[in-house]
Amino acid sequence: MTRTVSTPAGAAMPVLGLGTWRLGEAANRRTAEVAAVRSAIGMGYRLIDTAEMYGDGGSEEVVGEAIAQAIRAGEVQRDELFIVSKVLPQNASRKGTAQACARSLARLGLDRIDLYLLHWQGPHPLRETCAALQALVAQGDIGQWGVSNFDIDDMAELNALGEGKGCAANQVYYSLGERGPEFGLLPWLRDHGQPLMAYSPIDRGALASDARLEALAARRGVTVAQLALGRLLAESGVVAIPKAVRERHLRENLAAAALVLTPEEIVEIDRLYPPPRRKTPLAMI
Ligand code: NDP
């Protein structure tokens, strides 16, 4: 049974999804990448995160092809999947958002993106972007919309707009090495019922070989990457989207969603990676 969190509109979002940045960048890796995403779906991944930015649309094509193959093979049904993509800030005008979404849908081979995010705040007024996103929801092109790389003041600004109240989630850099969002932002999102989607949750792979976490991971019989993911997922309202292509990584990360750390293990991890005691600016990759 997939563990989920609820968005404000009541949609269930799996707490562990697949990141796909760096996919779709090279033609000679395409077949292997499609196979990896398909294998992820086969082993039970239901949330897949992509963006028009990744590989200039190449990542969306890889994801789309993997989904098509998995559906054709009867391994999954469309409605079981929760597909996330993102509009680039420079495209996020009233008209540009709709056009970008149409291009993403075509590359994904889908008629709906379940969650469509503004990748970060850019030149277009938020009010305009929100209106465009809401129109896409009304048309059924997207299920819900949200934002990414928004700090607490950005969330407050968004929320102050009438149109901003429909925001479903905020995707930010959150890992053991970057726990800043726990101060201020995560509580704010919890108060508003919006999941925090943690990107780069194993610090782009670096945390997986962290010697400081090795002893604890060994004692628990898990890998360091699983421990790092498990600690993030111990926070309510958090979804993690580690990227992986290797089969072992894919399996390890998915299994981390079922890991329930003991209070003692949490204390031990927090001693090595202390939670923030004051507000720090939101980090961004
Ligand atoms: P991650 O922290 O997910 O790390 C990915 C790297 O870790 C890959 O090299 C992967 O290897 C490796 N890895 C994955 N699992 C394991 C494991 N169990 N053990 C050891 N190594 C492992 O970094 P990302 O920056 O990719 O972040 C995840 C996703 O978040 C992105 O792919 C993207 O979808 C999203 N993102 C969103 C951003 C935004 O602005 N909204 C910004 C950055 C990321 P391998 O692939 O070889 O298996």
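**View 1. An open sheet of eight parallel strands.** In this predicted model, the strands line up in the order β3-β4-β5-β6-β7-β8-β9-β10, with parallel pairing. Look for the two edges: β3 (17–19) and β10 (238–240) each have a single partner strand, so one side of each is left without a neighbour in the sheet. Follow the strands across and you will meet a turn of 25 degrees on average between neighbours, direction ignored. As a general point, strands of a sheet pair through backbone hydrogen bonds, in either a parallel or an antiparallel way.

**View 2. Strands β7 and β8 side by side.** Here β7 covers residues 142–148 and β8 covers residues 170–173. The two strands run parallel and are joined by two bridges. To find your place, start from V147, which stands opposite N170 in β8.

**View 3. Helix α4 across the sheet strands β6 and β7.** Helix α4 is made of residues 126–139 and lies across both β6 (113–118) and β7. Its direction makes an angle of about 155 degrees with β7.

**View 4. The shell around the ligand.** Which residues are closest to the ligand? They are G19, W21, G205, A208 and K243, out of 28 residues that surround the ligand. Helix α9 (residues 247–256) gives the largest share of this shell, three residues. By character, the shell divides into eleven nonpolar, eleven polar and six charged residues.

**View 5. The whole protein, for orientation.** Stepping back, you can count ten helices and ten strands. The radius of gyration is 18 Å, close to the 19 Å that the globule rule gives for 285 residues, so the protein is as compact as a globular protein of that length. Its C-alpha trace spans about 55 × 45 × 30 Å along the principal axes. On confidence, the protein averages a pLDDT of 97, and 100% of the residues score at least 70. For the complex, the predictor gives an ipTM of 0.99 and a pTM of 0.98.

Key
Residues numbered from 1 in each chain as written. Predicted model: local features only at pLDDT ≥ 70, side-chain atom pairs only at ≥ 80, totals over all residues. Pairing = 2+ DSSP bridges. Helix = DSSP H or I, 4+ residues; strand = E, 2+ residues; numbered from the N terminus. Axes fitted to C-alpha atoms, helices over the stretch in contact; angles between N-to-C directions. Contact = placed C-beta atoms within 7 Å. Near = placed C-beta within 6 Å. Nonpolar A, V, L, I, M, F, W, Y, C, P; charged D, E, K, R; others polar. pLDDT = per-residue confidence, 0-100. Rg over C-alpha atoms; globule rule 2.2 N^0.38 Å.
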